[in-house]
Structure formats: structure tokens, C-alpha cells
Amino acid sequence: MKKITAESLFDLKSIAQPIQVEENIYYIENSMNQEKNRYESTIFSYNLKTKEKIEWGNNGYSVNLLKVSPNKKYLSFLASDDEKKQQIMLMPLKGGRAFYLTNEKEGVSSYLWNETGSSVYYQTSTLPEKEVDDKVPQTKSWSKLSYKVDGTGLIAEDKTYQLKKQDLALPQMTHLILEKKYSFSLNHLSKDESFALITEDLDEDDELNYGSTVYHFDLRTKVTYSLTSSIEQGSFSFGAIRNDQDVLLVGNDFRYGFVTQDKLYLYNLTTSKLTCLTSEADLQVGDALISDFQQKNLSIEIHWLDDETYFFPVTESGKVTLYKGDKKGNIKKIVDKKLHLTDGSLLNNERMVVAYSTLTNPSVLALLDLTTGKLTDIENPNEEFLAKTKLSKPDMFWYQGVNDWDIQGWYVPPVESKKNYPVILYIHGGPQVAYGESFFHEMQVHAANGYGVIMLNPRGGQGYGQEFVKAILGDYGNEDYQDLMLGLDYVLTEYPEIDKNNVYVAGGSYGGFMTNWIVGHTNRFKAAVTQRSISNWISFYGTSDIGSFFVKYQLNRDLKDIDKLWQLSPLAYADNVDTPLLVLHGEEDLRCPQEQGEQMYTAVKMKGVPTKMVVFPESSHGLSRQGLPNLRMERINEIVNWFSQY
């Protein structure tokens, strides 16, 4: 049996966006091409009767948003290559080459079929033509509070956003349906094409009003109204619609700012009544689990089962469970398994096709019986790799955190058992996310290298109720820090074979903040790795793409409370650091800008502590999950090499 390595990412594949057409399941299989240093995705079909797996050639394009036309004539998807931004492509289901339906200069971001399959409505954007002399530097300017987005860059303020219609019978003609100066998302198109549902900001002209909602847009009169006008604040997104009347929405009233749990709402387009269906349930609707492996997953979507009932996903104790509900707000759990349901679509009222992951299985295509909960695997693209590779089998546990709160965690032991081995406390980001029953490539690499890995969900994460997630508000580095230290103590006690003198710590984003905080408050760790971190809330406020909102709603403070912001900043305690510190940061990280890592690096370096900083070009905040393949390898190897020195 071989060991998993950083380079194993090139051997592993993930499954996303499964859909069914008669006896065929169509899905996207994602992989990484080491030679071309890029992500690739291929469309496959699996026949439920013959068990035959067929690759649908798409000329090596990267594909996304896989759909089937309502008349079942075409597979449709967004495709891009090195020369063209993503466009809608169609592939005849009866055979034939894929062809472009659109040719938009700025590309297509999303699309929907009309009821008959004769037309496609899609989103694009446009920029005014400018004569630019590329031989001399050009200025960049902005006048908005939100002027940049991580992974995208500066927002062009002169860009317009469009909704267009393309008839298949007249591919040379497009119809402009809607044009706005603010971005929006197309969610639903009515059967008679009289209205659409779109998501956009609560108040486009009020930059200080945080939140979003779903709007009804009349395609004939161009009149728009909000479905959540009865709730002054909050963030809402589209879930599902039945009979062009009953709309399921996911969202919250912003009662606890960013940490308000998402609930399920019902809006009736005839009565204009908005009702919260899960008001009595202490649940987080949706998928808040994290991993470093899945690609292009759309998560389990909400579906209507009939005119009265529906099902929806919930993040719960490190799993994605499924609930069934009705219009009266009665809900019950119908699927609860130790795994991460990463994607799926409804086949009928009793069965789904899903993609799922477990702690030791990266990605599997399966059928899920909603009545019995039975899961039947139909395709595992990593079967051969897993048969030849020895993985660590993590243990799930609970321990007592601060105030005797129950805290969940996972321990990933070394692949080869031995005594007196080192261990890494690895802290997740967010913090409103959670570790769970999902494959984590990096953790398996560390286990293969002889380390144990501790993965904890301290207070502040999702999946354990509203009180749990809101406990971190205005209190970063206090009880969450204590939860982590108590969890470490618990694992060291439960696994006496760990060398208590060889304990390391690492984390990214919020986990990077906490790593910076930890090394300034204790010297119990031999070495640390802080990634895409926060070190100074004062400068973060003005440089992060979400800084002003995040600081306001997470820390309950702004620049009027500059003394308190400094007290909550790890940089304020840098003089206490004696732990060797590796600082990793993406050069294009706009969520936690590079200056955050540089400040921590400089402060620790000035103290004479062994310190190193590594920056990754062309890398945003999501480097560890969506970064360039070679840089993802390098990131893991930098961590491995740093810990091996100490």
C-alpha cells in the first residue's frame, strides 16, 4: 500500500452536478492536470440499466452549470478555455459535437431554459469601449464602499449587468430583457415567461445597508418588488418554487448580524404572505461544511416534492442532513448519515441522485432513497486509487469546552501507528463554518507523514444551534481560544501515544487569526503556520473587501473603538511570541489582504524569533481549495517542511 502525498491531488477526482435523463445519470468529473497546471472537468453519463459509463467529449473545456433542456434534446453547460470566457454550449443528446450558443465578450455567468426548451435566458455584462494606450500605465479609481471582491479584483463601476434571451431557432439574434448598473442573479423563469425571480442587494443605492433579497421582476411591465419587504434587514436567497406560486427562500433577519442562522421561508406570490417555516427549529439551513477537495459542487438544493411538501438540507453536528417539511411548518428529519452530501438532484418524490464524501472517500456518485435513507453507490472515480493507498481513519469525539458546552472534534491519527509521534492542532476558517464528515486531502497528507491531526469545531461554528454560533460575537480570542486549548488537552489525554512535547498549530483565515492569537498567548507549541490570516483589525477594516461590514457585525465595533480593536488584534501581543512562525499568504487575497500577514511577519521577525513568509502569486483567499495546482502542492510542502525543522 502506498501513502497519500501532496501530489496525489493529481490522481484524485471529484463528482459534481448529477442530473438524470431517463435511464442516464449525467455528471461532471473534476480533476487536475499537472502538465498543464489547470483544473479540468469532463461530462460523463452512467446508465442505470447497463451500468455503462460514457465520456461525453467536450474538447477539454472546463465546464460548469450542467443542465438538460426541457425537451431533452440537449445537454447544456457553461464552457471556457484559454482564449474565451465561459459561454453556453449545447451538446445534442442523440450525438454530435458540442457547439456554442452564445458569444458574449464578457462571458456568461448563469442561465435558465424556458419551459419548452426553445430559448435560453442568460446573464452577462458589458463594459464601455475605451481607447487605452497600453504602452503607458493607467490609473485605477473607485468611489464605492464595496469596490473589490476577493477572487475577482476591482469592480468596474462603469460595468452594466444584463439579462438576455436567446432563441435556438434564431441563434444570430439576442433579446435584451433587463439591464442594470448593479449585479444580480437569475433564479427562476416562470412557465409562461411573464416573470422572473432575481436576487440582488436589499438597497442598491444605500451602500451601508448590508444584505440581499429575492425580487419578482415582471418581464412585460419591468416592475419589480421584493419578496421580503416585511423584513427590514437580512439576507435571502432563492430556494425553490412550486406552480409559479409558492416560493421557498433561505435567509435570515440579521438579528445577530453575520452569525444569524439561515432559516426556511415560504412566500406566496398570490397572497404576498411571507412565513418562516423553521422559526421553532434551532437549525442552520444549507451546507456549511468545509473541505479542501470538492470542486463545482452546487450543494443539495431545496426541492418541492408535491404541492404541500418539500425537503431541504441542514448542517448538523458535522453532517449535512435532510429534512422534510410542509406549508404549515411541520418538519422532520428523513436522512441522517455520517457523510457529507455535496451535491444532488431530485429524480422523483422518493429518490435522489447525489454526490457524497466521507472522511476516507473523496467523492462518490450514488442513489439516495428519501423514504428509507438507503444509499446505493453507482460510481466511485477513485476506487483504484483507494485500493492501493492507505489512509488514516479519523475518530469523531465530543468534549467539554468552556462552561461545559459540548464541542465536537475529529482526530486523524498517523497512518502508521507508533509511540511518541507529533500532533498538529489545525483550526478551520470562517468561523461560521465547520469541519465534518468530509474528505480532507491535506489532513491525510499530514497523517501519512507521521503526524496526528486535531480538527475541532469551537464555538462560533455552524451546526450546533444559534447560541453556539453567536457566542463569538465581539469576543474573538476568548472562549473560542479556551475551547481549542481544552480540546487539545482532551486529545492529549485520550491518546497517550502522542508526544506532548511535539505539538504544532496551523490554521487559515479565522484559523490564521487564531494561530496568530495563540502564539501570542501561549508557548506550548513547537512551531506554527498562519495562512491568509488576520493580525490587525484596524487595518483590516479598511483593506479587506468585507472589512468594514465584518468588523462591525462580528466584533460589534468600528473605528470609534480603535483601542478595543487593537486589544482584539494578535499583532498587539506579538512581543510575547517565542514560537517559530511560518506565514503563508496569497498575493491577490482581498479578503485577508497580504499586509495582514506582512505585519505579523515583521513583528515576530523584529523579536528575533525564527520566521519565514511565503507569498503565492495569482492566488486569492481560496488558494488551498481553488488555487493553481502547482501552488497548492507548494503550500502543503511548505507546511510539511516547516514542521519537520522543529
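**A tour of two cavities and a helix crossing**

Begin by selecting Q531, R532, L584, H585, G586, D589, S620, L623 and R635, which together line the second largest cavity of what is a predicted model. The space enclosed there is about 50 Å³, and the residues around it divide into 2 nonpolar, 4 polar and 3 charged. If you then colour strand 41, residues 581–586, you will have picked out the element that gives the most to this lining, with 3 residues.

Keep R635 selected, since this lining residue also takes part in a contact between two helices. Show helix 2 (residues 441–448) and helix 11 (residues 629–645), whose axes come within 11 Å and cross at roughly 35°, in a crossing that is right-handed. On the helix 2 side, select H441, E442, V445 and H446, and on the helix 11 side add I636, I639 and V640 to R635, to display the residues that make the contact. By class, this contact has 4 nonpolar, 2 polar and 2 charged residues.

Next, move to the largest cavity, which has a volume of about 90 Å³, by selecting L9, L12, K13, S14, N30, S31, M32, Y39, D292, F293, Q295 and R632. Strand 3, residues 24–33, gives the most to this lining, again with 3 residues, and the lining as a whole divides into 5 nonpolar, 4 polar and 3 charged residues. R632, one of the lining residues, falls within the 629–645 range of helix 11, so that helix can be left on display as a landmark.

In total, the model holds 3 cavities of 30 Å³ or more.

How values were computed
Residues are numbered from 1 along each chain as its sequence is written. This is a predicted model: local features need pLDDT of at least 70, side-chain atom pairs count only at pLDDT 80 or more; totals for chains, interfaces and linings use all residues. Side-chain values use heavy atoms; hydrogens and water are left out. On a 1 Å grid over the protein atoms alone, a cavity is a set of points where a 1.4 Å probe fits but cannot get out, and a pocket is an open set with protein on both sides within 12 Å along at least five of seven lines; lining residues have an atom within 4 Å of a point. Grid points are joined across faces, edges and corners, and a volume is the space filled by probe spheres set on the points. Helices (H or I, at least four residues) and strands (E, at least two) are DSSP runs, numbered from the N terminus. Ala, Val, Leu, Ile, Met, Phe, Trp, Tyr, Cys and Pro count as nonpolar, Asp, Glu, Lys and Arg as charged, and the others, Gly among them, as polar. Axes are lines fitted to C-alpha atoms, for helices over the stretch in contact, and angles run from 0 to 180 degrees between N-to-C directions. A crossing is left-handed if the near helix is turned anticlockwise from the far one by less than a right angle, and right-handed if clockwise. Contact means heavy atoms within 4.5 Å.
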